[in-house]
Amino acid sequence: MDHYIEVFLKRLSYIALVIGTFTFILLLLETPDTCVAPDSPPKPQLRFPRHSCDHRPRQHLPLHKKNKRLWSSSTWRNQVRSFSLFFHSLHQIGLLHNHSQALCVSAGAGHEVMALSQLGVADVTGVELLESPPLVSRADPHNLPFFDDVFDFAFSARLEQALFPSRFAAEMERTVRPGGVCAVAVEECGDGEVKEIAGLFRNSRFLGAMNVTLTGLRVTRIIMRVKHSP
């Protein structure tokens, strides 16, 4: 009797093996119905999905539509408004004019560039390591691609993030004409730190510092006037 049981178990194993192999082959040859919409055209070359079940290609959004969506967001508008108030105060005291040629260094996505343009400054250039067209072009803040004495006004809110702050400041000074203005916004700090930051601008005269609010953060605004080209 043990012999018959052994034979039966072997036959049962063979049957299970055949069923499993057949099922595995079917899975390889057929794409699951849940991954492809019913109205999709047949694709015989696709035997089995190699990625997620979202079979539709990603929609490419043109740049102008991406910008329109970004610039219409409340977050963007609030940050641009904050920069506008920041620059308006400089405009009121005569350090920034509509005819000024302005440079924004490490301008990020371009909030400050848009703010200056909306303020009425006709010629505004923004640069960053990663471009954000049409507001910001690609350039290394430590090696600006501009001639000496090109701009009347240079601004940056990211001096503290610079890899080489002294080089960063020197490039801002180099591109600003004598008598022009370099302005930076740094994390709120005291007199000692202000003096240290002002010392980075070796070819400029310290005009003043003030604690203000910018994009919801407390920062110190430091203003320098360029004395001469290095």
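The points below go through the fold, helices α3 and α4, an aromatic cluster and one pocket of a predicted model.

1. Overall make-up. The protein chain has six helices and seven strands. Along the sequence these elements come in the order α-α-α-β-α-β-β-β-α-β-α-β-β. Of the 230 residues in the protein chain, 34% are buried.

2. Contacts and surface. Among contacts in the protein chain with a separation of 6 or more, 58% join residues 24 or more positions apart. The exposed area of the protein chain is about 15000 Å², and carbon and sulfur atoms supply 58% of that area.

3. Aromatic pairs. With ring centres required to lie within 6.5 Å, the model has eight aromatic pairs. One of them joins phenylalanine 86 and phenylalanine 87: the ring centres are 5.5 Å apart and the planes stand at 85 degrees, so this pair is edge-to-face. The cut-off for that class is over 60 degrees. Both phenylalanine 86 and phenylalanine 87 are buried.

4. A pair between helix and strand. Phenylalanine 86 also pairs with phenylalanine 155, at 5.3 Å centre to centre and with 55 degrees between the planes, and this pair is tilted. Phenylalanine 86 belongs to helix α3 (residues 74-92) and phenylalanine 155 to strand β4 (residues 151-156), so the pair ties together parts that are 69 residues apart in sequence. Since buried means under 20% relative accessible area, phenylalanine 86 qualifies at 4%. Phenylalanine 155 is buried too, at 0%.

5. The cluster. Phenylalanine 86, phenylalanine 87 and phenylalanine 155 are members of one aromatic cluster, together with Phe83 and Phe153.

6. Valine 80. This residue is in helix α3 and is buried, with a relative accessible area of 3%. Neighbours within four places in sequence aside, valine 80 is in contact with His111, Met114, Ala115 and Gln118. The C-alpha atoms of valine 80 and methionine 114 are separated by 6.8 Å, although the two residues are 34 residues apart along the chain.

7. Helix α4. What does the other side of the valine 80 contacts look like? Helix α4 covers residues 111-119, and its buried residues are His111, Glu112, Val113, Met114, Ala115 and Leu116. Glu112 is thus on the buried list of α4. These buried residues pack against two helices, α2 (63-71) and α3, and against the strands β1 (101-105), β2 (123-128), β3 (136-138) and β4. Helix α4 is followed by glycine 120, which has a positive phi near 115 degrees.

8. Serine 82. Serine 82 is another residue of helix α3. A relative accessible area of 13% makes serine 82 buried. Apart from neighbours within four places in sequence, serine 82 is in contact with Thr213, Leu214 and Thr215.

9. The second largest pocket. Leu214 and Thr215 appear again here: with Ala157, Leu217 and Val219, they lie nearest the centre of the second largest pocket, which is lined by 14 residues. The volume of this pocket is about 230 Å³. Helix α3 and the strands β5 (176-187) and β7 (217-226) each supply at least two residues of the lining. By class, the lining has seven nonpolar, three polar and four charged residues.

10. Helix α3 in summary. Helix α3 holds phenylalanine 86, paired with strand β4 through phenylalanine 155. Valine 80 of the helix is in contact with residues including Met114. Helix α3 also supplies at least two residues to the lining of the second largest pocket.

How values were computed
Residues numbered from 1 in each chain as written. Predicted model: local features only at pLDDT ≥ 70, side-chain atom pairs only at ≥ 80, totals over all residues. Heavy atoms only, no water. Phe/Tyr/Trp six-rings, centres within 6.5 Å; stacked < 30°, edge-to-face > 60°. Buried < 20%, exposed > 50% of the residue type's maximum accessible area, 1.4 Å probe, protein only. Helix = DSSP H or I, 4+ residues; strand = E, 2+ residues; numbered from the N terminus. 1 Å grid on protein atoms, 1.4 Å probe; cavity = no way out; pocket = protein on both sides within 12 Å on 5 of 7 lines; lining within 4 Å. Points joined across faces, edges and corners; volume = space filled by probe spheres on them. Nonpolar A, V, L, I, M, F, W, Y, C, P; charged D, E, K, R; others polar. Contact = heavy atoms within 4.5 Å. Areas by Shrake-Rupley, 256 points an atom, 1.4 Å probe, with all protein chains shown as cover.
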